[in-house]
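Reader: I'd like to learn how to read a model like this one, from single side chains up to whole domains. Can we go through it together?

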Amino acid sequence: MQRLEVLGANKLKGQINISGSKNASLPILAATLLSKNKITLKNLPKIKDIETMITLLESLGSKIKKKRDKIIIDNTNQKKTFASYNLVKTMRGSILVLGPLLAKFKKAKVSSPGGCVIGVRPIDIHLKSLSKLGVKYKIDQGYVIATAPKGLIGTKIRFPKISVGATENLIIAACFAKGTTTLKNCAIEPEILDLVNFLNKAGCNVKWTSKRTVKIIGVASIKNINYQIMFDRIEAGTYMVAAALTEGSLKITNIKPDIIQTEIKILRKIGAKIKISKNDIKVTGRKKIKGLNIKTAPYPGLATDMQAQIMVLLCKANNKSTIKENIFENRFLHVAELNRMGAQISTKGNMAYIPGNIKFAPAELMATDLRASVSLVLAALTAKGKSVINRIYHLDRGYENIEKKLKKVGAKIRRVN
Ligand code: UD1
């Protein structure tokens with residue numbers, strides 16, 4: 001099994017180019033299933049989760065050609081509607097094929113993704129909302145077996161809770177529903193706006209009518225298009241933290257600063273200096289880091305996917321901080337590992353209490369989930385001496401070339417088999 005060795009502590013300096021967004025690529029790849037022809041996608045990140053989604057699409061009959069900076073998906077003979085447990089179990093985002101398969105074929109058998117280390121993560125909102133569009137389903141041996149005997153029929157749905165995945169699944173499905181679908185209390189993460197842009201460019205009719213309400217008028221088919229996926233705002237946020245944390249200075253390029261206003265605001269409050277340009281920002285860390293009381297929330301609030309990284313930064317603050325995790329019930333797995341490096345964080349329910357003034361000590365560490373893993377890399381960058389991070393396959397699910405990108409800006413980091 002591969003591991004990362006990090007020799008801290010170095011100030012990071014230079015430029016990091018941000019890859020395409022994982023969480024925009026996954027729903028857009030799923031949405032390509034609506035097509036009976038060809039779709040070209042650019043700027044997909046080169047990470048494991050995207051490979052998994054591509055394998056899943058291939059298992060459903062899509063023919064996929066990879067060229068240097070793009071992939072071409074040919075669905076001329078895409079006819080299968082069965083997504084197996086083996087593929088779905090490794091990535092929760094796979095459930096996003098359910099909506100488009102039902103929209104296109106009126107039936108689908110998709111493995112239920114089950115829980116994961118950061119919480120139970122049910123799919124009840126996806127299923128109940130699809131049933132309002134006319135889908136009948138049952139769960140049999142871990143599989144969702146769903147049909148839409150009369151096809152999907154547009155209606156008004158109010159999500160009981162804001163869910164990124166359920167909003168995406170329903171928007172995609174409703175594109176082929178008869179008549180008009182109105183979805184209320186939608187998630188409005190930038191990745192969902194990217195999905196909507198993609199769908200509209202492909203000839204769908206999806207309009208935001210108020211902040212969390214979207215109106216979708218069904219169409220019969222989608223067009224062949226070329227689409228460029230947005231940048232990964234969580235990757236950008238992670239490297240912003242790396243600059244602030246190491247008292248370094250990083251220019252983070254290929255982004256849209258407007259989309260990461262919350263992260264910019266938080267980093268400025270913590271004490272980092274940030275210079276904003278059109279498609280990049282420069283983050284310079286200062287010696288003094290201020291503690292904060294923050295909470296995660298659906299966009300435009302602080303992303304739960306940034307919680308672990310910001311926690312590492314707050315460990316170095318001159319005073320106390322708290323973090324309230326409002327999205328997932330078990331997303332403090334990184335705390336135990338950070339404490340092994342000396343962080344002294346305590347948790348109670350969804351609250352984490354961070355005393356601050358911590359000098360991380362190097363350690364041998366275990367990655368537990370994607371964002372927890374990257375928080376360990378960040379902590380290791382500031383710990384004087386050698387840290388080893390095991391089980392980095394979690395990291396490879398979501399960060400393209402992390403050790404290359406970090407090495408280029410001065411980190412001493414290497415992958416060991
Ligand atoms: C997506 C992101 C993930 C991010 C999360 C929250 C992708 C591929 N993944 O995950 O990186 O951390 O949004 O921003 O884009 N819930 C239910 N029932 C449901 C669906 C969700 O109770 O049917 C709950 C979840 O358990 C969780 C909350 O709703 O507590 C939000 O989850 P959701 O927004 O759906 O997250 P994902 O789409 O799985």
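Reader: Let's start small. Which side chain makes a polar contact with the side chain of Arg331?

Author: Keep in mind that this is a predicted model. The partner is Asp305, whose side chain makes a polar contact with that of Arg331 at 2.8 Å. As for its place, Arg331 sits in the loop between strand E19 (321-324) and H11.

Reader: Is Arg331 buried or exposed?

Author: For that you look at relative accessible area, where under 20% counts as buried. Arg331 comes out at 8%, so it is buried.

Reader: And the helix after that loop: which residues of H11 are buried?

Author: H11 covers residues 333-340, and His334, Val335, Glu337 and Leu338 are its buried ones. When you see a buried patch, ask what lies over it. Here the cover includes helix H10 (307-315) and helix H12 (370-382), along with strands E20 (346-348) and E22 (364-366). Past the helix, check the backbone too: Gly342 follows H11 and has a positive phi, near 105°.

Reader: Glycines seem worth a look, then. Where does Gly291 lie?

Author: In the loop between strand E17 (280-284) and strand E18 (293-295). With a relative accessible area of 16%, Gly291 falls under the 20% cut-off, so it counts as buried.

Reader: What is Gly291 in contact with, leaving aside its neighbours within four places in sequence?

Author: Leu314, Ala317, Asn319, Lys320 and Ser321. Take Ala317: it is 26 residues from Gly291 along the chain, yet their C-alpha atoms are separated by 5.1 Å.

Reader: Let's zoom out. How does the domain assignment divide the protein?

Author: Check whether a domain is one stretch or several. The assignment gives domain 1 as 3-19 + 231-416 and domain 2 as 22-228. Their centres, taken over C-alpha atoms, are 30 Å apart.

Reader: How much area is buried between domain 1 and domain 2?

Author: About 1800 Å², with carbon and sulfur atoms giving 52% of that. Then see who contributes: on the domain 1 side, Tyr299, Arg397 and Glu400 supply 31% of the area buried against domain 2, more than any other three residues. In contact terms, 23 residues of domain 1 meet 23 residues of domain 2.

Reader: How many salt bridges are there between the domains?

Author: The count between domain 1 and domain 2 is 2. The rule also finds 7 residue pairs in polar contact across this interface. By class, the domain 1 side that touches domain 2 has 9 nonpolar, 4 polar and 10 charged residues.

Key: Residues are numbered from 1 along each chain as its sequence is written. This is a predicted model: local features need pLDDT of at least 70, side-chain atom pairs count only at pLDDT 80 or more; totals for chains, interfaces and linings use all residues. Side-chain values use heavy atoms; hydrogens and water are left out. Domain bounds come from an automatic or database domain assignment. Contact means heavy atoms within 4.5 Å. Buried area is the accessible area (1.4 Å probe) that two parts lose on being put together, summed over both. A salt bridge is a side-chain nitrogen of Lys or Arg within 4 Å of a carboxyl oxygen of Asp or Glu. A polar contact is a pair of N or O atoms within 3.5 Å; within protein, one must be able to donate a hydrogen and the other to accept it, and residues adjacent in sequence count only if both atoms are side-chain atoms. Ala, Val, Leu, Ile, Met, Phe, Trp, Tyr, Cys and Pro count as nonpolar, Asp, Glu, Lys and Arg as charged, and the others, Gly among them, as polar. Buried means under 20% relative accessible area, exposed over 50%, partly exposed in between (1.4 Å probe, protein chains only). Helices (H or I, at least four residues) and strands (E, at least two) are DSSP runs, numbered from the N terminus.
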